[in-house]
Number of protein chains: 2
Amino acid sequence: MSAHQALQLFLRKLSERSCLNQEERRAVLELEGQEVEYAPHRDIVRPGELTDFCCLIISGMAARFGQLPDGTRQITAVYIAGDMCDLYSLMLPKVEWALQALSSRLVLLKVPHRKMQDIVHAYPAVAEAFWRDCVADASILSQWVVNIGRRDALMRTAHLFCELGLRIEIAGLGRRTAFQLPVIQSQMADALGITPVHMNRVIRALRQQGLLTVQGRDVQVPDWNALAQAGGFESGYLAIDQRWRTLA
Amino acid sequence: MSAHQALQLFLRKLSERSCLNQEERRAVLELEGQEVEYAPHRDIVRPGELTDFCCLIISGMAARFGQLPDGTRQITAVYIAGDMCDLYSLMLPKVEWALQALSSRLVLLKVPHRKMQDIVHAYPAVAEAFWRDCVADASILSQWVVNIGRRDALMRTAHLFCELGLRIEIAGLGRRTAFQLPVIQSQMADALGITPVHMNRVIRALRQQGLLTVQGRDVQVPDWNALAQAGGFESGYLAIDQRWRTLA
DNA sequence: CGCTTATTTGAACGCCTTCAACGTGAGTGG
DNA sequence: CCACTCACGTTGAAGGCGTTCAAATAAGCG
C-alpha cells in the first residue's frame with residue numbers, strides 16, 4: 001500500500017464516525033510526512049520521550065506497549081493499516097508508553113505534529129474528528145480492561161480475534177472469517193495478559209472447538225457467530241456505523 | 001462542596017495540563033446544569049443509551065462500568081470531585097458503558113451537551129483542553145490495562161491506592177498518606193479484576209506488611225514510598241505537571 | 001434492637017504459570 | 001545441498017495465585 005492509499009483509508013475511518021466536508025477531507029488527504037520502515041522490536045516511540053510526530057500505518061501492524069520494571073510487557077493497543085497511531089501524542093507529547101512494530105515489515109508515515117496542528121487549527125471539524133478518534137480508541141481500551149479483568153483466557157482470545165477480524169474487514173484488508181495476522185503467539189499473549197505457553201493452549205482449544213484455525217499468519221474463522229458468542233463479543237464499542245458532528 | 005467550587009476544581013485540573021486565558025477560564029466557570037443526587041447502584045448513564053449531558057462531580061465518587069452478559073462487572077474508570085465524567089460522550093453520545101455512583105451520596109452537575117458544545121465552538125483552546133482531558137483519561141485507562149494484565153493482586157491494589165491517593169491530593173481533597181475512600185471492598189475488587197473475597201485478603205496482606213490501613217472509609221498510608229514501590233507506581237501516566245497548548 | 005449489608009476467615013478447587021523439553025520451519029553458511 | 005542455528009510452536013508435569021463455596025462476625029441504619 002502507498003502513503004496516499006493509507007491516507008484515504010485513514011480518512012475513511014474518520015468519516016465512519018465524523019462528518020467532514022469536501023475541503024476538510026482534502027486537508028486530511030494532503031497530510032505529508034516521512035515514510036519509514038521499522039523492524040520488529042525497534043522502538044518507534046520510547047516511553048518518557050517527547051514526541052513530535054504521529055504515525056500513520058501504511059502496511060503491517062504496530063502496538064502500544066506498557067512495560068514493567070522487570071521487563072514483562074503488556075500491549076495496550078494494536079494498530080493496523082490506515083490507523084493513525086499515537087494521535088494521543090498530539091495532546092500529550094510526553095508519552096508514557098512504547099510504540100513498536102508487531103509485524104516483520106512495518107511501513108509508516110511519520111506526520112509531524114506541526115502539520116497536524118496546522119489542519120487542526122484551520123479546520124475545527126477535523127480537530128473534532130481527531131478528538132473523536134481518540135475517544136473511539138479509548139472506548140476500545142475500556143473494553144480491553146473488561147476483557148482482561150473479567151473474562152477467562154479463552155473468552156479473551158476469542159474476543160480479540162473478533163475485534164481484529166472486524167477491524168480488518170472494515171478497513172478492507174480482509175474478511176472477518178479469513179484474514180492475515182502478522183503476529184506471533186507471544187505477542188498475542190502480551191495483548192491478552194497471559195503467558196505465551198497458555199496462549200498456545202488456548203489457540204489449540206479454540207481449534208478443537210472448531211472456532212478458529214491459525215496456521216502461520218493465516219487466520220480462518222469457520223463460524224464467526226460462534227466465535228463471537230464464545231468471546232461475548234458485541235461490536236458496539238468499536239463505534240462504527242454512527243456519525244457525529246457537533247461543530248458547525 | 002458547591003457546584004461553583006466543583007467547576008473551579010474542574011478548571012484547575014484542566015489548567016494543570018492545558019493553558020487557558022482569562023476569557024476561556026471564565027467560560028468554563030460559567031457552565032451551568034442541573035444539580036442531582038444519585039444513590040449507589042442507580043444508573044446515571046445506561047449502556048446503549050444516547051446521552052445528552054456530561055457529569056461534573058460535586059461530591060462523592062462515581063465509576064464507569066463494563067458489564068458482561070452473566071452480570072459480572074468491571075470498573076474501567078473512577079471519578080472524584082471536580083472530574084467531568086463521561087466527557088467522552090460529547091464525541092460519542094451513544095455510550096457502551098454504565099455510569100454509577102460509588103459512594104452513598106453522589107452529587108453531580110449534569111451539564112447539557114448543548115452548553116458544552118457552545119463553549120467548544122466559541123473557544124478552540126477549551127475544546128483542546130477537553131480533548132486533552134480525554135487523552136489523559138485514556139492514559140490512565142492504558143495504565144489500568146497494564147496493571148490488570150501484568151501485575152498480581154497485591155501490586156495492583158497498591159498501585160490503585162497510590163493513584164487514588166495522588167489524585168485526591170492533587171484535587172485538594174485529602175493527602176496521599178491519609179484520605180477518605182467512600183468505596184466498599186467489592187467495588188475495589190470490581191476495579192481490579194479480582195473477587196471481593198480476595199480483595200479482602202490482599203488488603204489484610206498490605207496491612208500486615210505495614211503498607212496500608214483501611215478502617216471503614218478511612219485510608220492511612222504509613223510509608224507512601226514503600227507503597228509506591230510495592231505497586232510499581234510511577235505517576236507519569238497521570239500527565240500532571242506538564243502544560244500544553246497547540247492552538248493559538 | 002433487628003434487619004440488611006459489609007467484612008472476615010476457612011477449605012477445596014481450578015485456571016494459569018512456571019520450568020523443562022522437544023518438534024518444526026525458515027534462513028544461513030559451509 | 002545439507003547441516004547448523006535460532007526463533008517459534010507445541011506439549012507435559014508440578015505448583016501457586018486466585019476463585020468458589022460456605023459460614024461466622026462486624027458494622028451500618030431504620
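A polar contact is taken here as a pair of N or O atoms within 3.5 Å, and in this predicted model such pairs link side chains of both protein chains to DNA strand D, as the table sets out.

| Side chain | Atom of DNA strand D | Distance |
|---|---|---|
| B:His198 | phosphate oxygen | 3.3 Å |
| A:Arg204 | phosphate oxygen | 3.3 Å |
| B:Arg201 | base oxygen | 3.1 Å |

The elements that contribute two or more residues to the surface near DNA strand D are α7 (196-208) of chain A and α7 (196-208) of chain B, and of the elements at this surface α7(A) gives the most, with four residues. In total, 15 residues surround DNA strand D, the closest being A:Gln185, A:Asn200, A:Arg201, B:Ala153 and B:Thr195. On the side of the nucleic acid, 70% of the atoms of DNA strand D that come within 4 Å of the protein belong to sugar and phosphate. Sorted by class, the protein surface near DNA strand D holds five nonpolar, five polar and five charged residues.

Turning to the protein interior, the largest nonpolar core comprises 206 residues, and the members that touch the most others within this core are A:Phe130, A:Trp131 and A:Leu181, together with B:Phe130, B:Trp131 and B:Leu181. One of these residues, A:Trp131, reaches across to the other chain: when residues up to four places away in sequence are set aside, A:Trp131 touches B:Leu90, B:Met91, B:Val120, B:Ala127, B:Phe130, B:Trp131 and B:Cys134.

How values were computed: Residues numbered from 1 in each chain as written. Chains lettered and ligands numbered in written order. Predicted model: local features only at pLDDT ≥ 70, side-chain atom pairs only at ≥ 80, totals over all residues. Heavy atoms only, no water. Core = buried A, V, L, I, M, F, W, Y, C linked by side-chain atoms within 4.5 Å. Buried < 20%, exposed > 50% of the residue type's maximum accessible area, 1.4 Å probe, protein only. Contact = heavy atoms within 4.5 Å. Near = heavy atom within 4 Å. Polar contact = N/O pair within 3.5 Å; in protein donor to acceptor, adjacent residues only side chain to side chain. Nonpolar A, V, L, I, M, F, W, Y, C, P; charged D, E, K, R; others polar.
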